[in-house]
Amino acid sequence: MKIRFSKLELPKDGSLVVFALKGGDLLASAQAVDKALDGAVARAVAASRFKGGGGDALVLPSPGEGRWERVVLLGLGKPADFDALAAQNAGGRAATALNGAGAKSAALLLDPVDGGKIGGAEAAARAGFGARLRSYRFDRYRTKEKPDRKPTLARMTVGAPDAAAARKAFRPLDSLADGVFLTRDLVSEPPNIMYPETLAAQGEALRELGVEVEVLGEKEMRDLGMGSLLGVGQGSARESKLLVMQWKGGGAKEQPVAFIGKGVTFDTGGISIKPAAGMDDMKWDMGGSGVVIGLMKALAGRKAKCNAVGVAGLVENMPSGTAQRPGDIVTSMSGQTVEVLNTDAEGRLVLADALWYTQDRFKPKFMIDLATLTGAIIIALGNENCGLFSNNDELADRIAAAGKAVGERAWRMPLGDAYDKELTSDAADMKNIGGRGAGSITAAQFLQRFVNDVPWAHLDIAGVTWSKKDKPTAPKGGTGFGVQLLDRLVAEHYEA
Ligand code: BES
Ligand code: MN
Ligand code: ZN
């Protein structure tokens, strides 16, 4: 969908989106529409349950004497709650209502909100961003869909008090949406199409934006001693890859920030095979690497003034005659040995080598890894928060705050020696699983054994990478959770 910005004035025809506050007070444009329609908007409000709350919506089809095709009235909630996220969600809800009504184009008139937390240009840009995010659809493989089942909305013009300022504020958000869409595409692609080599090729495509990209194959990784990552992929007919991306938007001597993603393009569990029901979900077990690739696209797209490294460990976890066995002992790049007692605890084995490689080669300011690492984090936090684990309070606080601001929440979980002891092995330096309890924490402890003195955070995104429900700014399916959070973190704290 194309987003445009124009002056804040009532168009002659077409579909309109206007707003009301909690309690039902109409904003200026909604009042003007109401006046032009001889009070039809106020009458509709009175005849409905519309209260102006943050989720309320009212669609008036063909009101009045055929001037506008339809008028959509959306609630914004209380003025004091009107921030960037509220504006973004409003844009998303507008897109939902317009598609539901079959509109092809629309004008969204977002008047300044007195007592709100953001100004008119920023609010307009955020609304456009939210509308664009909500308009995403993965329909590449639906060849027989009837046109009348497809979303209709192709263009939205956002009216703002200062259209030029809104346009300027929208530019980086447009790049951010490009990044989010790439992440959603990558997690939505089926596992016969998206496997280590093809996922790496998606990273390579970012060269077009000025990202430096290297792809290491199994030979290079063997030479580096990455026995932990390679063990996971050894049962697959597909070659494992390590994707290394660098965006150099900062000073030549400036230490980079680093993002590391779990990229298991399909997780059968390996010889410790998973049950059949729901196994198809494991196509999005590369979600962490999907976020890293989408984030690099967003940073490069908006020419972020920082140095950023993205590393993705790409493997397919399959059972076969060459697969890793429970009981195997592998030697990681760090030199530490791991007894693999469950081949389904494979993400940590991949990240162990990817983390070590990243800190060793790039000496980053911090490392943040993202992984659909444990089912246990879904038991603990459901689908509302990702798990946040960190060895550094400042970094953890910044991540939590950024997540809150963009609506991608991260809840801090504990780490500690007592949990770490669960990983003690009789045969090697550690085993790859803990006991029955605290499965997400023992997984994080495992990762921490491959992190030296660098500030590090681990985001367990197993519960938030895929949604079974529509969200204000994401249709059900791949969410892209993490791209906005990390883009915000970088913009707020690590850019010149
Ligand atoms: N990829 C899974 C975790 C997962 C589960 C992600 C559900 C998304 C939805 C991971 O590789 C895994 O299998 N973890 C095991 C670890 C266990 C064997 C210690 C788990 O969570 O059961
Ligand atoms: Mn697994
Ligand atoms: Zn997995």
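1. A definition to begin with: a polar contact here is a pair of N or O atoms within 3.5 Å. Keep that cut-off in mind for the ligand, and remember throughout that you are looking at a predicted model. With that cut-off, Lys 262 is a good place to start: an N or O atom in its side chain sits 3.2 Å from an oxygen atom of ligand 1, so the pair falls within the 3.5 Å limit and counts as a polar contact.

2. Two acidic side chains belong in the picture as well. For Asp 267, a polar side-chain atom is 2.9 Å from an oxygen atom of ligand 1. For Glu 346, the distance from a polar side-chain atom to an oxygen atom of the ligand is 2.7 Å. As for cover, ligand 1 on its own has 520 Å² of accessible area, and the protein covers 77% of that.

3. Who else is around the ligand? The shell has 17 residues, and the closest are Lys 274, Asp 285, Asp 344, Glu 346 and Gly 375. Sorted by kind, the shell splits into seven charged, six nonpolar and four polar residues.

4. Now the sheets. One is an open sheet of eight strands with mixed pairing, and if you walk across it you meet β7-β8-β10-β9-β13-β17-β14-β15 in that order. Why is one side of β7 and of β15 left without a neighbour in the sheet? These two, at residues 212-216 and 409-412, stand at the edges and each has a single partner strand, so there is nothing in the sheet on the other side. From one strand to the next, the twist averages 20°.

5. Inside that sheet, have a look at β9 (residues 257-267) and β13 (residues 367-371). They pair in the parallel sense, with four bridges. To find the pairing on screen, go to Ile 260, whose bridge partner in β13 is Asp 369.

6. Helices pack on this sheet too. Helix α9 (residues 287-301) touches β8, β9, β10 and β13, and its direction is at about 135° to that of β9. Helix α14 (residues 439-448) also packs on the sheet, with β13, β14 and β17 as the strands it touches; here the angle is about 145°, taken against β17. Strand β13 is thus touched by α9 and by α14.

7. There is also an open sheet of six strands, again with mixed pairing, in the order β1-β6-β5-β2-β4-β3. Its edge strands are β1 and β3, which pair on one side only. Leaving direction aside, neighbouring strands in this sheet are turned by 20° against each other on average.

8. Strand β6 (residues 155-160) is a handy landmark there. It pairs in the parallel sense with β1 (residues 2-7) over six bridges, and in the parallel sense with β5 (residues 105-109) over five. Val 158 of β6 shows both pairings: it is the bridge partner of Phe 5 and also of Leu 108. One residue along, Thr 157 of β6 partners Ala 107.

9. Finally, the helices on the six-stranded sheet. Helix α1 (residues 28-36) lies across β2, β4 and β5, running at about 120° to β2. Helix α3 (residues 84-101) packs on the sheet as well, touching β2, β3, β4, β5 and β6, and its direction makes about 145° with that of β4.

Conventions:
Residues numbered from 1 in each chain as written. Chains lettered and ligands numbered in written order. Predicted model: local features only at pLDDT ≥ 70, side-chain atom pairs only at ≥ 80, totals over all residues. Heavy atoms only, no water. Pairing = 2+ DSSP bridges. Axes fitted to C-alpha atoms, helices over the stretch in contact; angles between N-to-C directions. Contact = heavy atoms within 4.5 Å. Near = heavy atom within 4 Å. Polar contact = N/O pair within 3.5 Å; in protein donor to acceptor, adjacent residues only side chain to side chain. Areas by Shrake-Rupley, 256 points an atom, 1.4 Å probe, with all protein chains shown as cover. Nonpolar A, V, L, I, M, F, W, Y, C, P; charged D, E, K, R; others polar.
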